[in-house]
Amino acid sequence: MKFSDKLREARNSANLTQSQLAQQIGVSVRTITNYETGDRYPKKRELYKKLSQVLNVDLNYLLTEDEEFVFEAESQHGSRGKKQAKELIESISGLFAGGELSQGDKDAVMQALQEAYWDAKKENKKYSHTKK
Amino acid sequence: MQKKKTKSILTPRNKTINEKMNALAIYKKATALINKHKTRNSAKIAENLGIKIYYRSNFTDLLGMYTVVQRQRCIFLNNNLGYEDSQIVIAHEIGHDLIHRRMAQNSGHKEFMLFDLNSRPEYEANAFAAHILLDEKEIEPLITDGVSLEAAAKQLNTNINLLSIKIIEMSKLDLNFNQKFDLKRLPQIPKSNFLKNLTGK
């Protein structure tokens, strides 16, 4: 499930309008709209925390594996890692667009891919010429 | 073979030649692999080829998937399959690795799921799997004896659809085979998506 869908669902079940939510976490209504239409993601991690508190959901639920994965890749491999992680996610979501696959399986594939990514990164390090 | 509506300049005759060459190439690849690794155990072959198998317990309908992640070739395998089925799925994914790896790399991240099966790559991978797992020397006597397909599959302890694909491929290759086995005896041309019907449990 994408962050945008999760956010909308959580906001609806918390019985908040977009503007109410925006006020509570201190961003513009437009920002919330952007999050929910899927164009944008919060840049700062603190914002996720605020969102999770206001909406009363688990932080890790909002920080879906996908985004967590991107953050993790960025912190370990810098902007290049971020790019790679994003590419991985984008390519896979393009693939899922066809349907047929259940949500559970999509998540499972995503998880497997991320695991494979870390393994491959570790493995490839052995053959890289850069100093550790 | 499935009919594909492509704007092909191939004449019918050229097309059969083309298909035959394809079938031959796949057969050769499979036999070379078996001879080299001296086994028909597809998990073993994958390991020898340097393809990493990830056994995933949380896959439900998805049986397997082949992909290349950061230059590492990976097979994601549903861990809830029985031994026979997992052998088929792994062999199928190895087929993708050997026949379609360029496709997997070029398009960035093209997966081969066992879901989208009405496509040429999927049939080719199935044919490859059939060659890896089934020995034509064992099948031929059964066929000449006139054993039914069901009985043959039972005797060889294999999936009946895999066996049908193997027989179709064998007759394409003309392995002294065309006259002996009437393809009409096959209950139906196996759909390339037979893997979908493997029990997911």
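Chain B contains seven helices and four strands, and its elements run from the N terminus in the order α-α-β-β-β-α-β-α-α-α-α. The model is a predicted one, and its other chain, chain A, has seven helices and zero strands. Chain A and chain B bury about 1800 Å² between them, and across their interface the rule finds two salt bridges. Over all chains, the structure holds eleven salt bridges.

**Chain B as a whole**

- Of the 201 residues that make up chain B, 50% count as buried.
- The accessible surface of chain B amounts to about 10300 Å², and carbon and sulfur atoms account for 50% of that area.
- Among the contacts in chain B with a separation of 6 or more, 66% are between residues 24 or more positions apart.

**Chain A as a whole**

- Read along the sequence, the helices of chain A give the pattern α-α-α-α-α-α-α.
- Chain A has 132 residues, of which 39% count as buried.
- About 8000 Å² of chain A is exposed, with 46% of this area supplied by carbon and sulfur atoms.
- For chain A, residues 24 or more positions apart account for 52% of the contacts with a separation of 6 or more.

**The interface between chain A and chain B**

- On the two sides of the interface, 23 residues of chain A are in contact with 21 residues of chain B, and of the roughly stated total of about 1800 Å² buried between the chains, 58% lies on carbon and sulfur atoms.
- Eight residue pairs are in polar contact between chain A and chain B, counting pairs in which both residues are at pLDDT 80 or more.
- The elements that give two or more residues to the side of chain A touching chain B are helix 6 (65-96) and helix 7 (103-125) of chain A, and the largest share of that side, 14 residues, comes from helix 7 of chain A.
- Sorted by class, the side of chain A that touches chain B has twelve nonpolar, five polar and six charged residues.
- A salt bridge joins the side chains of Lys52(B) and Asp119(A), with an N to O distance of 3.6 Å.

**Salt bridges within chain B**

- Arg40(B) and Asp135(B) form a salt bridge in which the closest N and O atoms are 3.6 Å apart; this pair links distant parts of the chain, 95 residues apart, with Arg40(B) in the loop between helix 1 (12-37) and helix 2 (42-49) of chain B and Asp135(B) in the loop between helix 4 (120-133) and helix 5 (136-144) of chain B.
- Arg40(B) counts as partly exposed because its relative accessible area is 28%, whereas Asp135(B), with a relative accessible area of 19%, is buried.
- The side chains of Arg101(B) and Asp97(B) meet in a salt bridge at 3.2 Å, N to O, and because these two residues are four residues apart in helix 3 (residues 83-106) of chain B, about one helical turn separates Arg101(B) from Asp97(B).
- Within this pair, Arg101(B) is partly exposed, with a relative accessible area of 26%, while Asp97(B) is buried, with a relative accessible area of 0%.
- Lys172(B) and Glu169(B) form a salt bridge whose closest N and O atoms lie 3.0 Å apart, and both residues belong to helix 7 (residues 160-173) of chain B, where they are three residues apart, about one turn of the helix.
- Both partners of that bridge are buried, Lys172(B) with a relative accessible area of 18% and Glu169(B) with a relative accessible area of 2%.

**A salt-bridge network in chain A**

- Arg8(A), Arg11(A) and Glu36(A) are joined into one network by salt bridges that share partners.

**Surroundings of Gly95(B)**

- Gly95(B) is found in helix 3 of chain B, and Gly95(B) is buried, with a relative accessible area of 0%.
- Leaving aside neighbours within four places in sequence, Gly95(B) is in contact with His100(B) and Phe128(B).
- The C-alpha atoms of Gly95(B) and Ile132(B) are separated by 9.2 Å, the two residues being 37 residues apart along the chain.

Methods:
Residues are numbered from 1 along each chain as its sequence is written. Chains are lettered from A and ligands numbered from 1 in the order in which they are written. This is a predicted model: local features need pLDDT of at least 70, side-chain atom pairs count only at pLDDT 80 or more; totals for chains, interfaces and linings use all residues. Side-chain values use heavy atoms; hydrogens and water are left out. Contact means heavy atoms within 4.5 Å. Buried area is the accessible area (1.4 Å probe) that two parts lose on being put together, summed over both. A salt bridge is a side-chain nitrogen of Lys or Arg within 4 Å of a carboxyl oxygen of Asp or Glu. A polar contact is a pair of N or O atoms within 3.5 Å; within protein, one must be able to donate a hydrogen and the other to accept it, and residues adjacent in sequence count only if both atoms are side-chain atoms. Ala, Val, Leu, Ile, Met, Phe, Trp, Tyr, Cys and Pro count as nonpolar, Asp, Glu, Lys and Arg as charged, and the others, Gly among them, as polar. Buried means under 20% relative accessible area, exposed over 50%, partly exposed in between (1.4 Å probe, protein chains only). Accessible areas come from the Shrake-Rupley method with a 1.4 Å probe; for residues, only the protein chains shown count as cover.
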